[in-house]
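Trainee: I am new to this structure and would like a close look at a single part of it, with the surroundings added step by step. Please start with aromatic rings and go on from there.

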Amino acid sequence: MNRFRTAVIGTGFMGRTHLEALRRVENVDVVEVAATSQDKARAAAAGYNVLNATDDWRDVIADPSIEAVHITTPNDSHFPIAKAAFEAGKHVLCEKPLAMSVAEAEELVRLQAAKGLRGAVNHNLRCYPMVQQMRNLREAGDFGEILVVQGTYSQDWMLYPSDWNWRVEPAVSGVSRVMADIGSHFFDMAEHVTGLKVTAVCSDLQTFWPTRKRPSSGGETFSGKLGASGETIAVAVTTEDFGATIFRMGRARGAMTASQVSAGRKNGLVLEIYGTKGGASWRQEAPDELWLGHRNDPNQLLLKDPSLLAEKARAFADYPGGHGEGYPDTHKQLFRRFYAAIADPSLVPDYPEMADGLRQLKILDAELASHKAHAWVDVPE
């Protein structure tokens, strides 16, 4: 088995998630951690038994022994780091969004192809076993022609005006927050499961808190729910707290909402598809369950059991029935496939690629344009 030397750039919530998952990928050695300070890098490296730590991501790029990098930094740095990594001949696994603009994402897709390297975007949520089962049932024709696609991605961690995160700041996160951060997960999963492409959108966005209180000391993702202490600064907010989009997928029609102000919903991603033969519904807050709906027969509730799943879906489940697989496992599954594709250039990628990250930015641009114009906007191919 080929072994790979990799590095993780970024040590926040997602950086630690990647470090934890990489320990569970059999043929990968994390050899360096990069952060914005030496103290942060050393703390993360020590916690995950990584020997090298740096406060400059360029040190990772300059090391010829490092074959791949994981980019888990804030959004504004994804493009320059990924570009530098590709130019240095390294494979790249990047957090979403892939870049701050469609033009930047297109450049990364072109560069990856020119260099003959592997590139992935961490739309990990499609890697739940029951999401893959829903996809396989659709491919087998169990739902017939898809007519309706609907759902939500609802959270509550930004409910109060005192809740703060770097994602609020457009210069760092981009002009969209909710639709870019979690709405993109919904659309990636919807297209992946149905095999259909979003062709047009009509969107409405809302910023409920035009002013938020930023802690003087900053704040990590989700940390605000523990309560803030100390001085705060009132900051004007332009990124949305909520968004709603109705959309077309050819003949199929859809509707979705994304929210970070829905009290009680911790990570409420829901995808429902309905076709001429039947329907299905999956909820991330109960990820081992898949509801199947029928017109003339009793409905079903499937529980994750690899021995009862389709062969392709079974490959995403490592534990037997009754043993839950959740959010951390989705990263392991995606990372495992990414490194398998590096090891075997002939493999067709079984993970979200850079082109999928570009795709989500095109959908996001159409949503923003639709909201501004109060009109339907086509999504380009």
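Mentor: A charge is said to sit over a ring if NZ of Lys or CZ of Arg is within 6 Å of the ring centre and within 35 degrees of the ring normal. By that rule the charged end of Arg 248 is placed over the ring of Trp 376, 3.9 Å from its centre, and Arg 337 lies over the face of Phe 316, at 3.6 Å from the ring centre. This is a predicted model, in which local features need pLDDT of at least 70 and side-chain atom pairs count only at pLDDT 80 or more, while totals for chains, interfaces and linings use all residues. Residues are numbered from 1 along each chain as its sequence is written, and side-chain values use heavy atoms, with hydrogens and water left out.

Rings can also meet one another: those of Phe, Tyr and Trp (its six-membered ring) pair if their centres lie within 6.5 Å, and planes under 30 degrees apart count as stacked, over 60 as edge-to-face and the rest as tilted. The model has 8 aromatic pairs by this rule. In one of them, Tyr 128 and Trp 282 have ring centres 5.1 Å apart and planes at 50°, so the pair is tilted. This pair links distant parts of the chain, 154 residues apart, since Tyr 128 is in the loop between S6 and helix H6 (129-139) and Trp 282 is in strand S14 (residues 279-283); helices (H or I, at least four residues) and strands (E, at least two) are DSSP runs, numbered from the N terminus. Both Tyr 128 and Trp 282 are buried, where buried means under 20% relative accessible area, exposed over 50%, and partly exposed in between (1.4 Å probe, protein chains only). Phe 338 and Tyr 339, in turn, have ring centres 5.1 Å apart and planes at 75°, so that pair is edge-to-face. Phe 338 counts as buried at 0% relative accessibility, Tyr 339 likewise counts as buried at 0%, and together with Phe 4 and Tyr 351 they form one aromatic cluster.

The loop that holds Tyr 128 deserves a closer look, for Asn 122 lies in the loop between S6 and H6 as well. With a relative accessible area of 0%, Asn 122 is buried. Its side chain is joined to that of Glu 95 by a polar contact of 2.6 Å and to that of His 331 by one of 3.3 Å; such a contact is a pair of N or O atoms within 3.5 Å, of which, within protein, one must be able to donate a hydrogen and the other to accept it, and residues adjacent in sequence count only if both atoms are side-chain atoms. Leaving aside residues up to four places away in sequence, Asn 122 touches several others (heavy atoms within 4.5 Å), including Met 14, His 18, Leu 93, His 185 and Phe 335.

Beyond the loop, H6 is mostly covered, with 9 of its 11 residues buried, among them Pro 129, Met 130, Val 131, Asn 136 and Arg 138. After H6 comes Gly 141, whose phi is positive, near 90°.

On the other side of the loop, S6 belongs to an open sheet of 6 strands with parallel pairing, in the order S3-S2-S1-S4-S5-S6; two strands pair if DSSP finds at least two bridges between them. Strand S3 (52-54) and strand S6 (119-121) stand at the edges with a single partner strand each, so one side of each is left without a neighbour in the sheet.
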